[in-house]
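User: I have a model open here and want to talk through how its helices and strands are arranged. Can we start with the helix packing?

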Amino acid sequence: RLHNKLYQSTDNKKITAAWKRSYESIATNTKPCLLGITSDTGGGIQRGANWGPLFIREALDHNQFFDLGDVRTIPHLLHDKYLNPQTISSCQEALYQEQTDLPVSALSISEYFYTNFLKQYPEQKIIALGGDHSVSYPVVKSWIRQKRSEGKRVAIIHFDAHTDLMDKRLGIDICFASWAYHMLDELTSPQDLIQFGIRSSGNDRSFWEKQCGVQQYWAKDIINNKDQTLNKTLDYLSEQKIDEIYISFDIDALDSKYASATGTPEFEGLNPEVCCQYIEAIGEQFKVSGADLVEVAPFVKSTHFQLDCPEPETTLNSSRVIIEAFTKVMNKWP
């Protein structure tokens, strides 16, 4: 269905040829790029976010984007650092049908692609479609390193119900619960990670701000003091002379009535309108050149969390609204 929508064909040879031809115009592209990362191996509670990119794409107006396609995924793998040489060699043969030193795990491929793509096209803006939140680890790291190599001061705006500030989970250091923690050493200051919508944590706000040095605005802070919280953020970004912004958006930042088709839906969250107001206000003053939307799991219907659980289409509609806000602020800046 998606192939018919994009290419008016389901013939794989025709689709591949048309997709490859589209890359000839990437140097002059001015639209935000889309990249799907169909991996949920870095999640650990409810799987299903690997289907996010397919369903989100179907909800979007593709005329607004330059679609880079998907990172090819071996669904059992997370990152090459966890694999032995024999497994890597076997998977390289399966993926590439030749001897190569190219990576084989979804996060490793994503980092390889982002790093090389941004080096070649540093002005291109990319929206990544996840996947669980571990997919932010390679793309945000690559984005930060590219921007800092250009002498720019950057910040991360992180919408989420959860802090994602564990150093590891069950012994695994790269996962949905730890990606943000590993970005702290990449930033000029840990305060350049600003989190919105937190409400599900074993520790309170003061613990995380003291422990990690980040800035947090829990969902209740935003609901009760929407303008004050936004203004404090804008003042900080201005005072620190931030050049560019990356926005990472976990769909569970939204209240579960707007986003129940996700691994860990949470009550008492944000609504899409407020999130878009924040994104657009930040993007009005600061260049947003990277973003991701993660943890959309279209086949998950979490009736356990909510008696009147909305259909997955509600989550996809919320996703579309957030991506449209990304697109709006990205198009503002050359």
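Analyst: A word on terms before that: axes here are lines fitted to C-alpha atoms, for helices over the stretch in contact, and angles run from 0 to 180 degrees between N-to-C directions. Please also keep in mind that this is a predicted model.

User: Fine. At what angle do α9 and α10 pack, and how far apart are their axes?

Analyst: Helix α9, residues 226-239, packs against helix α10, residues 272-285, at an angle of about 25 degrees, and their axes lie 11 Å apart. Angles under 35 degrees count as roughly parallel, and α9 and α10 are therefore roughly parallel to each other.

User: Is the crossing left-handed or right-handed, and which residues make the contact?

Analyst: The crossing of α9 and α10 is right-handed. On the α9 side the contact is made by K226, T229, L230, L234 and L237, while α10 contributes V274, Q277, Y278, A281, I282 and Q285. By character, the residues of this contact comprise 7 nonpolar, 3 polar and 1 charged.

User: Switching to the sheet: in what order do the strands run?

Analyst: The open sheet has 8 strands, in the order β2-β1-β3-β8-β7-β4-β5-β6, with parallel pairing. Its edge strands are β2 (66-71) and β6 (215-218), each of which pairs on one side only. Neighbouring strands of this sheet are turned against each other by 15 degrees on average, direction ignored.

User: And how many bridges link β4 and β7?

Analyst: Strand β4, residues 154-159, pairs with strand β7, residues 244-250, in the parallel sense over 6 bridges.

User: What stands opposite H158 in β7?

Analyst: That is S248.

Technical notes: Residues numbered from 1 in each chain as written. Predicted model: local features only at pLDDT ≥ 70, side-chain atom pairs only at ≥ 80, totals over all residues. Heavy atoms only, no water. Helix = DSSP H or I, 4+ residues; strand = E, 2+ residues; numbered from the N terminus. Parallel < 35°, antiparallel > 145°, perpendicular 65-115°, else oblique. Left-handed = near helix turned anticlockwise from the far one by under 90°. Contact = heavy atoms within 4.5 Å. Nonpolar A, V, L, I, M, F, W, Y, C, P; charged D, E, K, R; others polar. Pairing = 2+ DSSP bridges.
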